[in-house]
Amino acid sequence: MSTGKFAVAGATGRLGRHVVDVLAERGHQVVPMSRATGVDIITGAGLAEALTGADVIVDVASWHASEQEAATEFFRTATRNLHEAGQRAGVGRIVAVSIIGADKATAGFVAAQQVHEAAHLSGPLPARVLRAAQFHEFVGQLLDWQPGGVAHVPDLPTQLVACRTVAETLADLATEPDTPGGASPGAPIPEVAGPRTESMAAAAKLLGARRGIEVVAVDGSGMPDAETAAAGGFLPGPHAKLAGPTFEEWLDTRSW
């Protein structure tokens, strides 16, 4: 696709802002969809108007908490509304983001992504899903959730990735020729991750040093699927796209 009209769900979120920027930089017309722009993908308010003339929907909308049941209901409802409104508007395809390891998760927010993926891939619009590693910004969330100057962070392997890198990969997938119909049968769901495996606790210590927060590494017991994570179950597969910057390189570009 040389140029087109893209409707971005979750456009004002952490990833959505980058998706809007990348698509605009590539010369596409972008319609940002969020409650801040008058579009609610749960109630459907403003959705039909936003999708008028759109070629592609990019779904990067997310739930704000980790509770599995609420997140599942959000993804189920939002995905259904996007597909149904998109079909009525004549949208050609939809591209959505998920999380690496969603297929292995048994609880929590990541497990809710299983419903998200299935709803997209079984919906009326041709759909593609991109699984991404945890974002660099997630490390800051782990510290924010534990006020008081000391944070306990699981010493689990991860392959942190920049939001901008994920946005660029989503844009590639959304504009790829012959996307309708999805990938070839048996092909793995595409993945994007950072350039190397890192420890979540070690990454948090780098950020904590800049914020004046003491980070204590813990084993992750009590977290959903901690054993799976410890065994590398949420690391990218051999087919994944790996791209920088590393977490430390990303930190060095920030002002604290």
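The second largest pocket of this predicted model has a volume of about 160 Å³, where a pocket is an open set of points on a 1 Å grid over the protein atoms alone, with protein on both sides within 12 Å along at least five of seven lines, and lining residues have an atom within 4 Å of a point. Helix H1 (16–25) and helix H6 (163–175) are the elements that give two or more residues to its lining, and H6 gives the most, with 3 residues. The lining divides into 4 nonpolar, 2 polar and 5 charged residues, among them Arg 14, Glu 137, Trp 250 and Arg 164.

Residues are numbered from 1 along each chain as its sequence is written. Local features need pLDDT of at least 70 and side-chain atom pairs count only at pLDDT 80 or more, while totals for chains, interfaces and linings use all residues, and side-chain values use heavy atoms, with hydrogens and water left out.

Arg 164 of helix H6 also forms a salt bridge (a side-chain nitrogen of Lys or Arg within 4 Å of a carboxyl oxygen of Asp or Glu) with Glu 25, the closest N and O atoms being 2.7 Å apart. This pair links distant parts of the chain, since Glu 25 lies in helix H1, 139 residues apart from Arg 164. Asp 172, likewise in helix H6, pairs across 146 residues with Arg 26 in the loop between H1 and strand E2 (29–33), at 2.8 Å between the closest N and O atoms.

Arg 93, in strand E4 (residues 93–99), is buried (under 20% relative accessible area, with a 1.4 Å probe and protein chains only) yet has no salt bridge. Its side chain reaches the backbone oxygen of Glu 176 at 2.8 Å.

How values were computed:
1 Å grid on protein atoms, 1.4 Å probe; cavity = no way out; pocket = protein on both sides within 12 Å on 5 of 7 lines; lining within 4 Å. Points joined across faces, edges and corners; volume = space filled by probe spheres on them. Helix = DSSP H or I, 4+ residues; strand = E, 2+ residues; numbered from the N terminus. Nonpolar A, V, L, I, M, F, W, Y, C, P; charged D, E, K, R; others polar. Buried < 20%, exposed > 50% of the residue type's maximum accessible area, 1.4 Å probe, protein only. Lys, Arg positive; Asp, Glu negative; His and termini not counted. Polar contact = N/O pair within 3.5 Å; in protein donor to acceptor, adjacent residues only side chain to side chain.
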